[in-house]
Amino acid sequence: MQDAIKNYEDVDSWKTIMFLYNAALKEVGTKLEILNDEFQHVHQYNPIEHIKTRIKTPESIVKKLKKYGYETSVENMIKYINDIAGVRIICSFTSDIYRLAGMIGNQSDLKVLSIKDYIKNPKESGYKSYHMLVAVPIFLSDSVVETKVEIQIRTVAMDFWASLEHKIYYKFEGHAPEYISQELVECAEMVSKLDEKMLLLNDAIQECLERERIREADEKAIDFGL
Ligand code: 0O2
């Protein structure tokens, strides 16, 4: 992307960058909608509950650069801040997360730059989510610009937990009282148990439906004397 921004002092460079990140969000959003529609078409089931997109605020970008010890500059922001364009995909079940991650990884025009599986390796706080950093080609009139997008995939329950934890983290500026942090870790364990149970329950429901479908098909075959 650096090549697309010729003059870092130029006020327009900020607008150009934001235009590119917004375009990348649109590209990824459309891809996900198509994947979800295709899945519905083939399996009569939607793995995606909903999608949220956001562009990181300038304050949050500056804060992160400072946290990493980098000077505040447009160049550093492009180079070191990976989640300026963010897409969050909310699914019903943990199995949907890996199914979607596989589908995204198979898109030949997306480059997967890195993966952080905080489901298999949760953060100490209890945070669980699957993060993919991808590069999306943005086709302009005279060039193609690879633009980074962070995709977070999580269940409804994980999202509920992360939203509350995020609020608490900001409220206490990262120094929440010990008992609150402890309670959050316990809630994260409950979320994992809930996700596991809901998945098992869904599998059991699917099995019942499949048995019912086979029974109906057998009955029809008998009616036709097959
Ligand atoms: P916000 O306000 O959501 O934008 P890297 O991207 O590799 O340079 P970073 O940023 O630590 O390093 O990457 P990571 O771990 O993938 O985290 C990126 C984003 O994931 C965070 O962005 C949060 O949105 C989310 N996240 C990560 N850890 C936690 C956590 O413990 N709790 C919650 N609630 N969310 C988390 P920002 O910029 O921190 O925040």
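1. In this predicted model, Asp83 and Lys56 form a salt bridge, with their closest N and O atoms 3.3 Å apart. The pair joins distant parts of the chain, 27 residues apart: Asp83 belongs to the loop between helix H3 (74–80) and strand E2 (85–91), and Lys56 to the loop between strand E1 (48–55) and helix H2 (58–68). Both partners are buried, since Asp83 has a relative accessible area of 8% and Lys56 one of 10%, where buried means under 20%.

2. The bridge between Asp83 and Lys56 does not stand alone: Arg54, Lys56, Lys64 and Asp83 are linked in a network of salt bridges. A search of the whole structure finds 12 salt bridges.

3. Members of this network also appear at the ligand. Of the 19 residues that surround the ligand, the closest are Lys56, Lys64, Lys116, Tyr118 and Glu165. A polar side-chain atom of Lys56 lies 2.5 Å from a ligand oxygen, and for Arg54 the corresponding distance to an oxygen atom of the ligand is 3.0 Å. The side chain of Ser125 places an N or O atom 3.2 Å from a ligand oxygen. Taken alone, the ligand exposes 760 Å², of which the protein buries 79%.

4. Two further salt bridges lie within helices. In helix H4, the side chains of Arg99 and Asp96 meet at 3.4 Å, N to O; the two residues are 3 apart, about one turn of the helix. Their surroundings differ in accessibility: Arg99 is partly exposed at 37%, whereas Asp96 is buried at 1%.

5. In helix H6, Arg215 and Glu219 form a salt bridge with closest N and O atoms 2.5 Å apart. Why are Arg215 and Glu219 separated by about one helical turn? The reason is that they are 4 residues apart in H6. Arg215 is partly exposed, with a relative accessible area of 39%, and Glu219 is likewise partly exposed, at 40%.

6. Helix H6 itself (residues 178–223) has 46 residues and reaches 68 Å from its first C-alpha to its last, close to the 68 Å expected at 1.5 Å a residue. Its buried residues are Ile180, Leu184, Ala188, Val191, Ser192, Asp195 and Asn202. The elements covering these buried residues include helix H4 (94–105), strand E5 (144–155) and helix H5 (156–171). Just after H6, Gly225 adopts a positive phi of about 65°.

Notes:
Residues numbered from 1 in each chain as written. Predicted model: local features only at pLDDT ≥ 70, side-chain atom pairs only at ≥ 80, totals over all residues. Heavy atoms only, no water. Expected span 1.5 Å × (residues − 1). Buried < 20%, exposed > 50% of the residue type's maximum accessible area, 1.4 Å probe, protein only. Contact = heavy atoms within 4.5 Å. Near = heavy atom within 4 Å. Polar contact = N/O pair within 3.5 Å; in protein donor to acceptor, adjacent residues only side chain to side chain. Areas by Shrake-Rupley, 256 points an atom, 1.4 Å probe, with all protein chains shown as cover. Salt bridge = Lys/Arg side-chain N within 4 Å of Asp/Glu carboxyl O.
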